[in-house]
Amino acid sequence: EYLKIPNPCAGRINKKNVYKKNTPLKFDNFIQVGVECELGVFLKHDIACSKYSYSDKDILNSIISIFPAIEIVDDRYENWKKSNTNILIADDFFSAGCVMGTPVKFSKDLNLNQLHGTMKINNKIVGNGYGKDILGNPINALKWIFSRNDVIGDTLPKNSFILLGSLVQTNWVKRGDKVEIEIGGLGGVKTEFL
């Protein structure tokens, strides 16, 4: 809704832009940097991407661990609201990396819809949301991506990680801002833009 695109979208994160929990980031490395409160998973085994629709059970069986993350986005556009979807796709939808929290072993008993996330900037809450805010159920994000071999290719390899979506709308930050997210039951992640 924020991007005014009526369907899910995916972008890739370069390995060099994946940071460990609580890593500070250099503000000058970005044009206009923003942050999101993300729910992420690691894959237990290779996933064949095709038009085949995976069941909820298949999806749950594909997850080995789950973690909180701060997704880093960068507004590299003169005016992104005037950019068409193809340009956003080519640019991986603002992707600039992520600060990854500690993965927790996944349990099928975990209610993904009820996971509650909060984002703070400079110790002030700027947003919160629930797992169900990701396409009605975070499982739907995996179903979508697993069906998109046109986007991903034929296979998502074992130990790949996927950020399922943000529980909080993007917040744009300034130099010196301290960002913290917490997702109930999974822990938290912090970063600072120096």
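A residue counts as partly exposed when its relative accessible area lies between the 20% under which residues are called buried and the 50% over which they are called exposed, and that scale will be useful at several stops in this predicted model.

Begin with the whole chain in a cartoon view, where the secondary structure comes to four helices and 13 strands. If you then colour by accessibility, buried residues account for 46% of the 194 residues, while the accessible surface comes to about 10500 Å², with 48% of that area belonging to carbon and sulfur atoms. Of the contacts between residues at least 6 apart in sequence, 77% join residues at least 24 apart.

Next, turn to the charged side chains, among which a search of the whole structure finds two salt bridges.

For one of them, select aspartate 28 and arginine 175, whose side chains meet in a salt bridge at 2.7 Å, N to O. Because aspartate 28 sits in the loop between strands E1 (18-20) and E2 (33-43), and arginine 175 in the loop between strands E11 (171-172) and E12 (178-183), the pair ties together parts that are 147 residues apart in sequence. Aspartate 28 is exposed at 52% relative accessibility, whereas arginine 175, at 47%, is partly exposed.

Now select lysine 143 and aspartate 56, where the side chains form a salt bridge of 2.5 Å, again N to O. Lysine 143 belongs to helix H3 (residues 138-146) and aspartate 56 to helix H1 (residues 56-61), so this pair ties together parts that are 87 residues apart in sequence. Lysine 143 is partly exposed at 26% relative accessibility, and aspartate 56 is likewise partly exposed, at 38%.

Conventions
Residues are numbered from 1 along each chain as its sequence is written. This is a predicted model: local features need pLDDT of at least 70, side-chain atom pairs count only at pLDDT 80 or more; totals for chains, interfaces and linings use all residues. Side-chain values use heavy atoms; hydrogens and water are left out. Helices (H or I, at least four residues) and strands (E, at least two) are DSSP runs, numbered from the N terminus. Buried means under 20% relative accessible area, exposed over 50%, partly exposed in between (1.4 Å probe, protein chains only). Contact means heavy atoms within 4.5 Å. Accessible areas come from the Shrake-Rupley method with a 1.4 Å probe; for residues, only the protein chains shown count as cover. A salt bridge is a side-chain nitrogen of Lys or Arg within 4 Å of a carboxyl oxygen of Asp or Glu.
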